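Q: Please take a close look at one part of this predicted model, namely the helix that contributes most to the lining of the largest cavity. Which partners and spaces does that helix meet, and what else in the structure helps to place it?

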Amino acid sequence: MQTNLRPMSLGEILDRTAQLYRTNFMLFAGIAGVYSGVLLVLNLGQIGMQQLLMHLHMSKQLPWFALGYLLFILPLMFIFAGAAVAANNRAVAWVNLGQPATIRGAYASTLPRLGRYLWLMTIVAFFIYLPFIFLFIGYFVFLFAYGGTHGLFAAGGANANPGAMFVFLAVTAVFGLLALVAGVYAVIMALRYSLAIPASVIEDLRARKAIRRSIDLSKGSRGRIFVLLLLIFVIELGLVTITQLFFLIAMFTAAKHQAQLPVWMQIVQQIVGFLTNTFIGPMYATGLTLFYYDQRIRKEGFDIEWMMSAAGMTAPPATDISPITTLSETGVWEPLAAVEPFAPTEPPVHSEPKLSDAPSPAPEPAAADDSTAQPPGASPPEGANG
């Protein structure tokens, strides 16, 4: 796929999300199908255990079984959902940059750091829902402490103690207003941290750095992110309503007659839910990953940096995409490991000559004897002939 990195409007991000989702449907659906498949198996196992308990005339144990199943399935859902979200972010990063991506490669690239992503999701969820936790704890403590001591839950308690009922209604109204404020706070915090997971997956950042990175990148565009998430939420809610409406009507009809859905209908409902979750699961992660890249392009010039790195002019930008690839002369993405790195030639080293290597001086001629030395052409001294 050809890479086309440039700043995009909100409508263009939605179009790009739909384009990537349509052209890579099997990839994204396969990643989401791992989580949906685990959820399907667990739900089918729950249906089977419920039927077994009813067949053994152990219907009184059904509430305890439902509670135990809930405590068992929630951690598993969190783990597999986190793995699917991280793998989907990695796959979107690959295909958005024009690189090949597979289901196995996406999971293999993110599973070694799954603990980091789960911890990041836990921190983000804690800060988002912390006011709700305090509100609900305080409200239920009030219900059991005040309502129990004043007999509000007894038969005719409201008529017997109208003052206590007034206090109960006033506290409930205050609780509703505070819950509304907490909802606004949760939306604001969710927008601040909306790009934390893409930043952690793509740039290989730890939880705190990913949160700070999300705050910086999302600043100035949180309204656009809110509209994107709202549109995706409306699409997902519409699809879930359409696929589950028949089963909801059947459940309501059965409840009026104090009955349950037939087993075959419960199984069909779970299969339809599996298909729905597989289809809509990657939407949020795909849209937020594209928004992450759009913010980097707007604020950091990521598109220019990436094109320069593809041309071999600079080092690759911080994307933590493994294996990092480069564009060869034939137009094919190849791993950088296959390209021989440039090694500058070292200048020749000139060693200083050693003292022992210096040429020895020529030997001086021996001095002539003054008694016999004669100038050229001089006649011999007297008596020299004998």
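A: In this predicted model, H12 supplies the largest share of the lining of the largest cavity, namely four residues. The space in that cavity amounts to about 60 Å³. Ten residues line the largest cavity in total, and those closest to its centre are Leu5, Arg6, Met8, Asn96 and Ile297. Sorted by class, this lining holds five nonpolar, two polar and three charged residues. The count of cavities of 30 Å³ or more comes to two.

Helix H12 also takes part in an open space. The largest pocket has a volume of about 1200 Å³. It is lined by 33 residues, of which Val85, Tyr129, Ile197, Tyr284 and Leu288 are the closest to its centre. Helix H12 (282-300) is one of the elements that give two or more residues to this lining; the others are helix H2 (25-55), helix H3 (62-96), helix H5 (114-149), helix H7 (162-192), helix H8 (196-203) and helix H10 (222-256). Here the largest share, seven residues, comes from H3. The lining of the largest pocket comprises 25 nonpolar and eight polar residues, with no charged ones.

The second largest pocket, with a volume of about 580 Å³, offers a further view. Its lining consists of 26 residues, and Gln46, Ile47, Gln266, Gln269 and Gln270 are the closest to its centre. At least two residues of this lining come from each of H2, H3, H10 and helix H11 (263-280). The most is given by H2, with nine residues. By class, the lining of the second largest pocket has 14 nonpolar and 12 polar residues, and again no charged residue appears.

Charged side chains on H12 may be considered next. Side chains of opposite charge can pair when their charged atoms come close. Asp294 and Arg224 form a salt bridge, with a distance of 2.9 Å from N to O. Because Asp294 belongs to helix H12 and Arg224 to helix H10, this pair ties together parts that are 70 residues apart in sequence. Asp294 has a relative accessible area of 1% and is therefore buried, whereas Arg224, at 21% relative accessibility, counts as partly exposed. The cut-off matters for Arg224, because buried means under 20% relative accessible area.

A second salt bridge joins the side chains of Glu300 and Arg296, at 3.3 Å from N to O. Both of these residues lie in helix H12, four residues apart, which is about one turn of the helix. Glu300 is partly exposed, with a relative accessible area of 35%, while Arg296 counts as buried at 3% relative accessibility. The pair belongs to one network, in which salt bridges with shared partners join Glu203, Arg213, Arg296 and Glu300.

The count for the structure comes to nine salt bridges. One of them links Arg116 with Asp204, whose closest N and O atoms are 2.5 Å apart. Arg116 lies in helix H5 and Asp204 in the loop between H8 and H9, so the pair ties together parts that are 88 residues apart in sequence. Asp204 counts as partly exposed, at 30% relative accessibility.

Helix H9 (residues 207-218) contains Ser214. This serine counts as buried, because its relative accessibility is 0%. Beyond its neighbours within four places in sequence, Ser214 is in contact with Arg192, Tyr193, Ser194, Leu195 and Ala196.

Aromatic rings complete the account. The whole structure holds 15 aromatic pairs. Tyr139 and Phe175 form a stacked pair, 4.4 Å centre to centre, with 20° between the planes. Since Tyr139 lies in helix H5 and Phe175 in helix H7, this pair ties together parts that are 36 residues apart in sequence. Both residues, Tyr139 and Phe175, are buried. The rings of Tyr293 and Phe302 have centres 5.5 Å apart and planes at 45°, so this pair is tilted. Tyr293 and Phe302 are likewise buried. Elsewhere, Tyr21, Phe25, Phe28 and Phe279 form one aromatic cluster.

To return to the request, H12 gives four residues to the lining of the largest cavity, and it also supplies two or more residues to the lining of the largest pocket. Through Asp294, helix H12 is tied to helix H10, and Glu300 and Arg296 form a salt bridge within helix H12 itself.

Methods
Residues are numbered from 1 along each chain as its sequence is written. This is a predicted model: local features need pLDDT of at least 70, side-chain atom pairs count only at pLDDT 80 or more; totals for chains, interfaces and linings use all residues. Side-chain values use heavy atoms; hydrogens and water are left out. Buried means under 20% relative accessible area, exposed over 50%, partly exposed in between (1.4 Å probe, protein chains only). Contact means heavy atoms within 4.5 Å. On a 1 Å grid over the protein atoms alone, a cavity is a set of points where a 1.4 Å probe fits but cannot get out, and a pocket is an open set with protein on both sides within 12 Å along at least five of seven lines; lining residues have an atom within 4 Å of a point. Grid points are joined across faces, edges and corners, and a volume is the space filled by probe spheres set on the points. Ala, Val, Leu, Ile, Met, Phe, Trp, Tyr, Cys and Pro count as nonpolar, Asp, Glu, Lys and Arg as charged, and the others, Gly among them, as polar. A salt bridge is a side-chain nitrogen of Lys or Arg within 4 Å of a carboxyl oxygen of Asp or Glu. Rings of Phe, Tyr and Trp (its six-membered ring) pair if their centres lie within 6.5 Å; planes under 30 degrees apart count as stacked, over 60 as edge-to-face and the rest as tilted.
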